[in-house]
Structure formats: structure tokens, C-alpha cells
Amino acid sequence: MTPGDSLARRGRAARPPVAGLHLDSAACSRQSLAVIDATARHARNEAEVGGYVAAEAATPALDAGRLAAAALSGLPDAEVVFTTGSLNALDLLLGAWPKEKGTLACLPGEYGPNLAVMAAHGFQSRLLPTLGDGRLALDDAALALENDRPDLVHLTAVGSHSGVVQPLPMLAELCGELGLPLVVDAAQALGQVDCAVGADVTYASSRKWIAGPRGVGFLAARPELMERLRPRLAAPEWMPPVPVARQLEFGEANIAARVGFSLALGEHLAYGAEAVRARLARLGGLSRTTLADVPGWAVVEEAAEPSAITTLAPVDGADPQAVRDWLLAERRIVTTFVGLPRAPLELTAPLLRISPHVDTTADDLETFAEALIAATDATGT
């Protein structure tokens, strides 16, 4: 048995049986029984002893979650803020950024809702040069950043519309040399790509590759940058001093979800982050090889792309939305319809996306390939 096979067995044993076939981890993974139980136990504890008493008792678990998030970001001394998800993290960060209406460098394939948040906070987006597959053209980007310096560089390490992995370590090194703050959206990357590059800020969600509950995420920042932020909801003068990171967490919070997320981060580290990444990359390659000859579809990514995400472009008029709906209704196969709003500056046509997690098997991918053929025929395209 290979290490990957062992990991797949552990992943399946740790989760409830799936009702069908789940190939949608880039949207929302399946939580483990332990994560579900930890979340439920905290909710029950709130009912038994009171919400605030339960929250105080959960402090060690939450602190462990913050440490795990910092470690996976390559920032062991980072200040870590729990958020409601990735978009909330970006909103908190840009809303507190020390310079209003600044300039921000990002890729043409930037996530559509991220672009909306950037614009809402008055940031002017400046697009970085890319190669034909949407990957950052590093040498050209270096010249552009040096000649026309933005206030910050924002990189979505793996897009919502593509499994292409951006050269995150090299951009982190470049930004360090140029003295430019690098902010990394790791929503689609954390757990399947090594994000421990020491960016100035890293943020991500719980529900994707880490397989935690929905409605929670984190924002990790270097302490010196965190102290420069000016939270919109700042501590009033009559309060005792409150660290900036805690000011960003002001307001009600779903502590049960944070407890579940913290446990999911611990599970990920216990499996071995490198082993998980290797298994996911192998599954991505296997997915692309298996789907390469399915009539009516073209695989977007190269087979060797180190990502578990595979996107499929229709070549004979297939409707990705109709196919996605048929697969769910007729075969209980969960996939993702990728519409243009996911990357409005780069996408020109909708796509279909699959994203298997470590418990997916080669037989599962063959089952999907056969179902995709049936779905394409059944939807009349």
C-alpha cells in the first residue's frame, strides 16, 4: 500500500459515508466526524454553562488553531484573526489598511468578489503580466513592480476558476527584495499548495481543503504590519488597551465553528501537510489523465499541474451549468459550475470544475468520466 492509499483510507474512515460522489472540495469539503463532534460539543457546552463561559473554556483550542494557521502561512509569530471566511478577511484588511485609496497589484484572473471588495475600499487595481495560462510572468512582473510601485501586491495563489498554481514562493522573494507588502489569498491554496512562504499577510477559509466548518476563516499578518492597521471598529478611548488583532474580531462570533476549524487544522497537520499535498497533486494528475479523452470537453490544466483542481471547457457547445445540475440530480455527483463572475477580467466562457480530496479513488474518477459522458448526451449538447 502506498502512502497515498493509506491517507485515502484514513480520510474515508474519518468521515461519514458520502451520499453519492463528492468532487467539490475547492468549494466545500466534507468535514470529519471529529470536527463535526467538536463543533457540536461546543454548542452543547454553550447551552450547559453559558456561551461566554464556554468560549473562555475553548481558549486553548482556539489558540492552537491560531498557531496552526500561522505555521501553515510560514509566519510562526503572526497575529492571527478569526474571520467568517476569506472575503471577510480581505474586507477587514483593506478596511483597516493604513493608506486610504491606495494602489494594488493583482492578476487578471483575480476572484471577482475580491475585485469588488478592493474597489469598495477605494483601491485602484493594477494588473500584473501573465503567461498564456494565467500564470504570473515573473520577470515581467518584477520590472513592472520596480518601475511603478503599488502600495501592496495581492496574489490569489490558486484561482477560483482554474487549477493553475501561481509561483508564490518566487513572488514572495521578489516582494521582499522590493520592500513591497505581499498579501496572499490562500482560500483555494491552503491545504493543497505550500503557502508557508512568509508573505506579509495570508488569509484563507475553513471549508475548502482544510475541511472545517463553513462560516469561518483566518487572517494572519506580521505583527509589525498588524500594528499599522486602523480597524474601522476601533476600541474606544474608555476601554483598556486592546490589540489590533482583537479589535478586528470585535462583534459576535460563531465560536463553535472556530473550534471545529481549529480541530480541522490540527487534523491536517497530523495527516502531514506535505503528504496531503502530494496526494492531492497525484489526484489532480490522475483526474486530468482520466478526463483527457471525454468527448465534448477539453481539460484546461496541464496534467502535471501540482493541484487537485481540474477545470473542463466545453468544445462542442455543452452547457456546464446544465451538466452540473444533471450530474447532481441524476447521479448525486457534486461538482462546480464556474461562471464568468469568478474571474471577470480573464474568463471568456463558463467551465465545469472538479476538486477531489484525499479520500477520492481512481474508480471514483472513472465513475465521474462515465457520468460526464452521459450528462453531456442527456442535456442535449
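The questions and answers below walk through two sheets and the helices packed around them.

This is a predicted model, in which local features need pLDDT of at least 70, side-chain atom pairs count only at pLDDT 80 or more, and totals for chains, interfaces and linings use all residues. Residues are numbered from 1 along each chain as its sequence is written, and side-chain values use heavy atoms, with hydrogens and water left out.

Visitor: Which strands stand at the edges of the sheet of seven strands?
Guide: Strands are DSSP runs of E, at least two residues, and helices are runs of H or I, at least four, numbered from the N terminus. Two strands pair if DSSP finds at least two bridges between them. The open sheet runs β2-β8-β7-β6-β5-β3-β4, with mixed pairing. Each edge strand has a single partner, so one side is left without a neighbour in the sheet: these are β2 (79-83) and β4.

Visitor: Which residue in β6 stands opposite T156?
Guide: β5 and β6 run parallel, joined by four bridges. T156 stands opposite D185.

Visitor: Which residues of helix α6 are buried?
Guide: Buried means under 20% relative accessible area, exposed over 50%, and partly exposed in between, with a 1.4 Å probe and protein chains only. Contact means heavy atoms within 4.5 Å. The cover over the buried residues of α6 includes α5 (86-95) and β3 (103-106). In α6 (residues 112-120), the buried residues are G112, N114, L115, V117 and M118.

Visitor: What is the order of the sheet of four strands?
Guide: This sheet is open and its pairing is antiparallel. The edge strands, β9 (297-299) and β12 (336-338), each pair on one side only. Within the sheet, three bridges join β10 (residues 310-314) to β13 (residues 351-354). The order is β9-β10-β13-β12.

Visitor: Are α13 and α14 roughly parallel or roughly perpendicular to each other?
Guide: Axes are lines fitted to C-alpha atoms, for helices over the stretch in contact, and angles run from 0 to 180 degrees between N-to-C directions. α13 (residues 320-331) and α14 (residues 362-378) pack at about 115°, with axes 9 Å apart. Angles under 35 degrees count as roughly parallel, over 145 as roughly antiparallel, 65 to 115 as roughly perpendicular and the rest as oblique. The two helices are therefore roughly perpendicular.

Visitor: Which residues of α13 meet α14?
Guide: On the α14 side, the partners include F368, A371 and L372. From α13 come V323, W326, L327 and R331.
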